[in-house]
Amino acid sequence: MTDKARTFADFAAFAEGRAPFRSLAPDHFEAITHNAGRHTVEAGETVCDIGDAIAGLHVIVSGNMHLISPEGEVLADMHAGDIFGHRALMRDGRAILKVVARSRAEFAVIPAPVFERIMADDTVFAAFFRRRADAPQARGAAPAAADLAATTLGDLMTADPMTLPRDATVRQAAEIMWDRHISCMLVTGDDGRLAGIVTAGDLVGTVIARGVSPDSPLAAVMTADPVALGPASTMLEAVIVMTERRIGHLPVVDAEGRPAGIVTQTDLVRRNSNSLIYMIADINRRDSYEGLAEVVARAPQMLVELVASGLEGHQVGRMMTGVADAVTRRLITLAEERFGPAPVPFLWLACGSQGRMEQTGVSDQDNCLFLSDAYEEAAHGPWFAQMAKFVSDGLDAAGYFYCPGDMMATNPRWRQPVRVWRRYFDGWIDKPDPMAQMLASVMFDLRPIAGDETLFGDLNVTTLERASRDSIFRAHMIANSLTHTPPLGLFGGLSLMRDREHRNAIDLKLSGVVPITDLARAYALAGRITAVNTRERLIAARDMEGVLSKTGGNDLIDAYDLIVELRLKHQTAQIRAGNKPDNFMVPDTLSALERNHLKDAFSVVKTLQSAIGQVGARR
């Protein structure tokens, strides 16, 4: 059954982009890939039975397997990238569940001694499996959540999709789609690269509803330059893109931009990937505040399942933000149904944690409205005022409470034409006082949610370029990034809160996440980095010459990951206990090892704050 023809390089290529292997030190990664045995099983074959001795950690490379309880119930449908056997290895070495191949499948086995050695040496690797070992094996919950992050579009997509050149006719596309029972057609340019996409809905909306001739070229009816991802992108990325942009078909392209495959919403649902998809579908069916609140009430449990699955903290944040985005878009749709169409084009944007795609179990709302320059207050103001109130009230009813600083579209100051927003940004750069610095932080975290995205256009790029050239503004931004400091005492110990309500606790948001978020924003300014997500900013800054050193960048990314992980662990423990999640964690609830790692993380932040502060002082 062992496939001797496979080399360790095959498994290395498979594992290098997947959790938890991608974070391993080179020697540990080499130990795993050199020692992993490759095996093949046929459909119906038992991989391991209850009570069997487990030789090592099992990693599915291709195919499907069922995880089965002692009662014969299928607990999970496992796919490429899923891992099993760790619970047995961390207990008595014997399987507590049965695994049966659902189709022909390949898997790798990392020998137990290798697994145990790396567990002892690598705390991140060990934490990944400890979380999984402690998590309940709910039917499909945890493995399915990890499946989102582990499954690549290359594994999921329909390969070799049907394509037609842009000068082919609408009639040709319709005939092929009808004959082959497909719902879309990819359109290519003269160079063979993806140029557009035509769906069955496009044909109905243009040919039938608008009377476009069937002999018209596809270029006249296609969606030009559609969003696309590569085969190495994950199913998680596909879910986020498709839900954010409300599209049902996602082209997959190769490195040259040529069509390689297609992924549809149906593919995602068939995969039964995670309750996120079903929550978003349910959100889009609701037509009242109460209905939306009922769906969002399930989000805390989804958070527990996502964290238990072993997903990395930044991936959890993206998925939780996906729920908030879906609620926001649904409320905007309901507002337009209630009040009629918008009198002029608009764009609803999120800032804060939603804008950065970093929401967790507790979030307020931070949003604003960009309005067309055709906007006139007297004629159009009442419509947008009631629309903003309707959406913000709905978000509050669903659990995304009002912003304490009134950074919401309900505030007329944050509901303005684009020309006014440009004036805001220019003014904040020209006169960077403390209030302007706080508001400038907002402008760098904006992300479009719904409406006419051309209103945002390149405003963030041009503003970033102008701000980065202004040395006084940069110095003020650096000073602003030092406002929040990590909770370390004079001798390197943890400095705990003293107020009655949160005595002996640490605010993992204000004293943990926020200082790193502020640093990332300062690095983004220095490097003109357009990403809004904190982790993406840190990665870009690390990889950019002269912005953040490789060592400092890696340390800060690790510190950020650790703090986010502990924050999520704290919040999910509260949810499991039936309490509302917050950010106030008592360090005594951590192990000695975790406390030491947390202090190390805070020390990294403090060191980099000191370094960037010296740069700001010189400027």
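The following dialogue examines how several descriptions of this predicted model are justified.

Visitor: How much confidence does the predictor place in the chain, and what share of the residues score at least 70?

Guide: The chain has an average pLDDT of 86, and 92% of the residues score at least 70. Residues 1-7 have a pLDDT below 50, although this stretch has 12 contacts in the model beyond near neighbours in sequence. Over residues 135-143 the pLDDT also stays under 50, and there the model has 21 contacts beyond four places in sequence. Where pLDDT is low, the predicted coordinates should not be read in detail.

Visitor: What makes α18 and α20 roughly parallel?

Guide: Helix α18 spans residues 418-430 and helix α20 spans residues 459-469; they pack at an angle of about 15°, with 10 Å between their axes. Angles under 35 degrees count as roughly parallel, and α18 and α20 are therefore described in that way. Their crossing is right-handed.

Visitor: Which residues make that contact, and how do they divide by character?

Guide: From α18 come Arg422, Phe425, Asp426, Ile429 and Asp430, and from α20 come Leu459, Thr462, Thr463, Arg466 and Ala467. These residues of the contact comprise 4 nonpolar, 2 polar and 4 charged.

Visitor: Why is Thr463 called buried?

Guide: Thr463 belongs to helix α20. Its relative accessibility is 9%, and buried means under 20%; Thr463 therefore counts as buried. Leaving out residues up to four places away in sequence, Thr463 touches Phe425, Ile429 and Met443.

Visitor: How far apart are the C-alpha atoms of Thr463 and Val605?

Guide: They are separated by 27 Å, and the two residues lie 142 residues apart along the chain.

Visitor: Why are α15 and α17 called oblique?

Guide: Helix α15 (residues 313-339) packs with helix α17 (residues 377-398) at an angle of about 140°, and their axes are 9 Å apart. Roughly antiparallel requires an angle over 145 degrees, while roughly perpendicular covers 65 to 115 and roughly parallel lies under 35. The value of about 140° falls in none of these ranges, so α15 and α17 are oblique to each other. The crossing of α15 and α17 is right-handed.

Visitor: What residues form the contact of α15 with α17?

Guide: The residues of α15 are Val327, Thr328, Leu331, Ile332, Leu334, Ala335, Glu336, Arg338 and Phe339. Those of α17 are Trp383, Gln386, Met387, Phe390, Val391, Gly394, Leu395 and Ala398. By character, the contact divides into 12 nonpolar, 3 polar and 2 charged residues.

Visitor: How do you know that Thr199 is buried?

Guide: Thr199 lies in strand β12, residues 194-199. The relative accessible area of Thr199 is 16%, and the cut-off for buried is under 20%; Thr199 is therefore buried. Beyond four places in sequence, Thr199 touches Met177, Ser183, Cys184 and His249.

Visitor: What makes Thr188 count as buried, and which residues are in contact with Thr188?

Guide: Thr188 is located in strand β11, residues 184-188. With a relative accessibility of 11% set against the limit of under 20%, Thr188 counts as buried. Apart from neighbours within four places in sequence, Thr188 is in contact with Thr163, Leu164, Pro165, Arg166, Arg193, Ala195 and Pro259. The C-alpha atoms of Thr188 and Leu164 are separated by 6.2 Å, and these residues are 24 residues apart along the chain.

Key:
Residues are numbered from 1 along each chain as its sequence is written. This is a predicted model: local features need pLDDT of at least 70, side-chain atom pairs count only at pLDDT 80 or more; totals for chains, interfaces and linings use all residues. Side-chain values use heavy atoms; hydrogens and water are left out. Axes are lines fitted to C-alpha atoms, for helices over the stretch in contact, and angles run from 0 to 180 degrees between N-to-C directions. Helices (H or I, at least four residues) and strands (E, at least two) are DSSP runs, numbered from the N terminus. A crossing is left-handed if the near helix is turned anticlockwise from the far one by less than a right angle, and right-handed if clockwise. Contact means heavy atoms within 4.5 Å. Ala, Val, Leu, Ile, Met, Phe, Trp, Tyr, Cys and Pro count as nonpolar, Asp, Glu, Lys and Arg as charged, and the others, Gly among them, as polar. pLDDT is the predictor's confidence in each residue, from 0 to 100. Buried means under 20% relative accessible area, exposed over 50%, partly exposed in between (1.4 Å probe, protein chains only).
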